[in-house]
Amino acid sequence: MLTSLQNSLVKQIRKLHAAKGRREQQLFLIEGTHLLEEACAVNFPLVTVCCTPQWQERHPNLWETATENADRSEVVSAEVLAALATTVNPDGVVATAQRTAIASPSGTTDLGIALETLQDPGNLGTIIRTATAAGAGGLWLSGDSVDADQPKVLRASAGAWFRLPIIVSPDLKAEVGRCRQQGMQVIATASNAPETYWEIDYRRPTLILLGNEGAGLSADLVELADRQVKIPLKAGVESLNVAIAAALILYEAQRQRGFTPENSDNPSILDT
């Protein structure tokens, strides 16, 4: 059992708390039982899994599955586990995985969402969770956004992160253009748009564009859109949270498509 905070593996994993460490090692953290369950449910490849003896006793089946998916497994002391985790009260298990293992959207996605310069990890995680629940096929994220694999993003996604193909692009404009060339209609959100979001026919392959929490979408991306839409607001209300805006539009798309939990591939993802 690992008990020393000076152990090389412990030092390596602790560096993943920072964006620099994740970039240098090309690894990210998976913290807690629920996220590990979701990763194992889709056979997501793990590099290392660490747990306390108490957690191992409580979750023998998950431990067995996780160790089969991991290159290395270690039982660690509670003190070491606390140092490995970014949360204040970790529940006993932390794993790491390769950043390159993140699935990317392939081909023409029937319904996708593209996010430009999103900064809040809670917003990104919530959008990932909502997009997965609504049956979206992929998410595109500009390279100047918050890290897609930041621990807070994974936690806010409630495990949906492992089920939604994500691509982080240094040139989101090029990605949007490629989607358009492949036959997707591109819908941009703008406060001064001429149409409301429910006036669009989302039964066509659609890519929804959402921008930065404060500045919205850049003019370059808005120009690429086939249509611009707004969400009507009562007088005096400046804007909606970007994650709420994403949810409204995604579920309007699925309402038009006759989407229900009963005909979903994964109704459990709708659970709160």
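Okay, let's start with helix α3: the elements covering its buried residues include β1, β2, α4 (53–58), α5 (60–69), β4 and α8. Keep in mind that what we have here is a predicted model. The buried positions in α3 are Thr33, Leu35, Leu36, Glu38, Ala39 and Cys40. Right after the helix, Asn43 has a positive phi, about 55 degrees.

Let me stay with Leu36 for a second. Leaving out residues up to four places away in sequence, Leu36 touches Ile30, Leu46, Val49, Trp55, Leu62, Ala66, Val93 and Ala95. Leu36 also turns up among the residues with the most contacts inside the largest nonpolar core, together with Ile30, Ile113, Leu115, Ile127, Leu139 and Trp161. That core has 53 residues. Which element gives the largest share of them? It's helix α11, residues 242–256, with seven residues. There is also a second, separate core, with 16 residues, and Trp140, Ile167, Leu172 and Leu224 are in it. As a general point, nonpolar side chains in soluble globular proteins tend to be buried together.

Now the strands around α3. Look at β4, residues 93–98: five of its six residues are buried. Strand β1, residues 27–31, pairs with β4 in the antiparallel sense over five bridges, and one bridge there puts Phe28 with its partner Ala97 in β4. Strand β2, residues 46–51, is joined to β4 by four bridges, antiparallel again. There, the partner of Cys51 is Val93 in β4. And Val93, remember, is one of the residues Leu36 touches.

Since Cys51 came up, let's do the cysteines. How many disulfides does a search of the whole structure find? Zero. Cys50 and Cys51 are a nice pair to check. The closest cysteine sulfur to that of Cys50 is in Cys51, and at 8.0 Å it's too far for a bond. Going the other way, Cys51 is in no disulfide either, and its nearest cysteine sulfur is that of Cys50. For reference, the cut-off for calling a disulfide is sulfur atoms within 2.5 Å. Both cysteines are covered: Cys50 is buried at 1% relative accessible area, and Cys51 is buried at 0%.

Back to Phe28, on to the rings. The count for the structure is seven aromatic pairs. One of them is Phe28 with Phe44: edge-to-face, 6.1 Å centre to centre, 70 degrees between the planes. Phe28 sits in strand β1 and Phe44 in the loop between α3 (33–41) and β2, so this pair ties together parts that are 16 residues apart in sequence. Are these two rings buried or exposed? Phe28 is buried, at 0% relative accessibility, and Phe44 is buried too, with a relative accessible area of 7%.

Phe44 has another partner, Phe162, and that pair is also edge-to-face, at 5.1 Å between centres and 70 degrees between planes. Here the sequence gap is 118 residues, because Phe44 is in the α3–β2 loop while Phe162 is in the loop between α8 (151–157) and β7 (166–169). Phe162 counts as buried at 9% relative accessibility. Put these together with Trp161 and you get one aromatic cluster: Phe28, Phe44, Trp161 and Phe162. And Trp161 is the one we met among the core residues with the most contacts.

Last stop, the seven-stranded sheet. It's open, the pairing is parallel, and the order is β7-β6-β5-β10-β8-β11-β9. Which strands are at the edges? They are β7 and β9 (195–196), each pairing on one side only. Further in, β8, residues 185–189, and β10, residues 206–210, pair parallel over four bridges, with Gln185 standing opposite Thr206 in β10.

Two helices to point out on this sheet. Helix α7, residues 121–133, packs on it and touches β5 (111–115), β6 (138–142) and β7, with its direction at about 175 degrees to that of β5. Helix α9, residues 172–181, packs on the sheet as well, touching β5, β6, β7, β8 and β10, and its direction makes about 150 degrees with that of β6.

That's my tour, happy to take questions.

Technical notes
Residues numbered from 1 in each chain as written. Predicted model: local features only at pLDDT ≥ 70, side-chain atom pairs only at ≥ 80, totals over all residues. Heavy atoms only, no water. Buried < 20%, exposed > 50% of the residue type's maximum accessible area, 1.4 Å probe, protein only. Pairing = 2+ DSSP bridges. Core = buried A, V, L, I, M, F, W, Y, C linked by side-chain atoms within 4.5 Å. Contact = heavy atoms within 4.5 Å. Phe/Tyr/Trp six-rings, centres within 6.5 Å; stacked < 30°, edge-to-face > 60°. Axes fitted to C-alpha atoms, helices over the stretch in contact; angles between N-to-C directions.
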